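Here's a quick tour of one model, with a sheet, two residues and a pocket along the way. Have a look at the structure first.

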Amino acid sequence: MANNARIEHTSPEGHEGDATCVAYFNGQLFSGGADGKIRIWSPELQLLATVNAHEAYIYCMAINQHGKVYSSSCDGQVRFMLPPYRDAAVQELFRCDDAIQAMYCDGSVLYTGDDKGVVTTWSNDRMLFKYNLVEEVKSLAGEQKLIYTVRDLDVVVSSVSIGKSGKYTNKAVIPGKSPLLLLGPLVDGNRSFLAFPDRSGMGLQLVNNLPQKKYAHIWQMPNCHEWIVTSICGDEAFLYSGGYDKKVKGWTDLGSTQPKALGEVDVGSVVNSVCCGDNNMVYIATSDGLIRAAKFV
């Protein structure tokens, strides 16, 4: 297989400890780290700013359509900031005893998921509803009236009752493991595909997310990584996966029975998070604290 994938840029400095998460918005890359800091980079990974967002390890970030950056820490706090991003802009959304390990923004709605299985929806930073989905939430997404959650065994798609606090019904349960991702072209407000690893954590699978398709499998690729997949990202046409094997791999032709491999990059360090940027750039946060930018096409 021809491998045209390459690392284009590496950050000149990194986080102290792991770089834990990356998110891209409006020409800027945001990285969170074990040092509690959020760093803001240009697309070419020149450091623009460092914000002291938390006192402790940052688990994850999510950015809404207005550029509001939410971050959660192992101290049980979720904070947010709007531009201009600096220390004084950081505000607390809430704090709790449970670890918020997963967050997702759909438009102006924020979803937070904790280690006790509670998913909370927020709009304009006010709590809407809490849903107790019982199992620890490692990864989540939301769209229209659906909440997607996963830990280690099954991806669960829950349909929530609008106007009834905390009421939901299970729409689908699909064997799989975190992380999960909605991607592909939008059709009537729904992303076409739902991607996630298989239960081994080393293979990838794609199911059809459109309502009439009942989450039918499009493809399954066992053992496409040598170790567990830790992060996936994608857009209308591409899917990228990174893991403990220190590799990030790219795929396209997602809707066909077998996706086309675009190649891989070896980053020399465990991949904690990947996200898509502009111009087909993929950003990678790794356990050595550095951020890398890779191109697959």
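What follows walks through a sheet, then two serine and threonine sites, then a pocket.

First, the ground rules. This is a predicted model, where local features need pLDDT of at least 70 and side-chain atom pairs count only at pLDDT 80 or more, while totals for chains, interfaces and linings use all residues. Residues are numbered from 1 along each chain as its sequence is written, and side-chain values use heavy atoms, with hydrogens and water left out.

**The sheet.** Strands here are DSSP runs of E, at least two residues, numbered from the N terminus, and two of them pair if DSSP finds at least two bridges between them. An open sheet is built from 4 strands in the order S1-S28-S27-S26, with antiparallel pairing. At its edges sit S1 (6-10) and S26 (271-276), each pairing on one side only. On average, neighbouring strands are turned by 30 degrees against each other, direction ignored (axes are lines fitted to C-alpha atoms, and angles run from 0 to 180 degrees between N-to-C directions). S1 and S28 (residues 291-295) share 4 bridges in the antiparallel sense, and Thr10 stands opposite Arg292 in S28.

**Two buried residues.** Both entries below count as buried, which means under 20% relative accessible area with a 1.4 Å probe, protein chains only. The polar contacts are pairs of N or O atoms within 3.5 Å, one able to donate a hydrogen and the other to accept it, and residues adjacent in sequence count only if both atoms are side-chain atoms.

| Residue | Strand | Relative accessibility | Side-chain polar contact |
|---|---|---|---|
| Thr20 | S2 (residues 19-25) | 8% | backbone oxygen of Ile58, 2.7 Å |
| Ser231 | S22 (residues 229-234) | 7% | backbone nitrogen of Val274, 2.9 Å |

Contact here means heavy atoms within 4.5 Å. Leaving aside neighbours within four places in sequence, Thr20 touches residues including Gly32, Tyr57, Asn272 and Ser273. With the same exclusion, Ser231 has contacts that include Pro179, Tyr240, Asn272 and Ser273.

**The pocket.** What lines the second largest pocket? There are 13 lining residues, with Val109, Tyr111, Thr121, Gln144 and Ile162 nearest its centre. Strands S11 (109-114), S13 (126-132) and S15 (146-150) each give two or more residues to the lining, and S13 provides the largest share, 3 residues. A pocket is an open set of points on a 1 Å grid over the protein atoms alone, where a 1.4 Å probe fits, with protein on both sides within 12 Å along at least five of seven lines; lining residues have an atom within 4 Å of a point.

Note on methods
Buried < 20%, exposed > 50% of the residue type's maximum accessible area, 1.4 Å probe, protein only.
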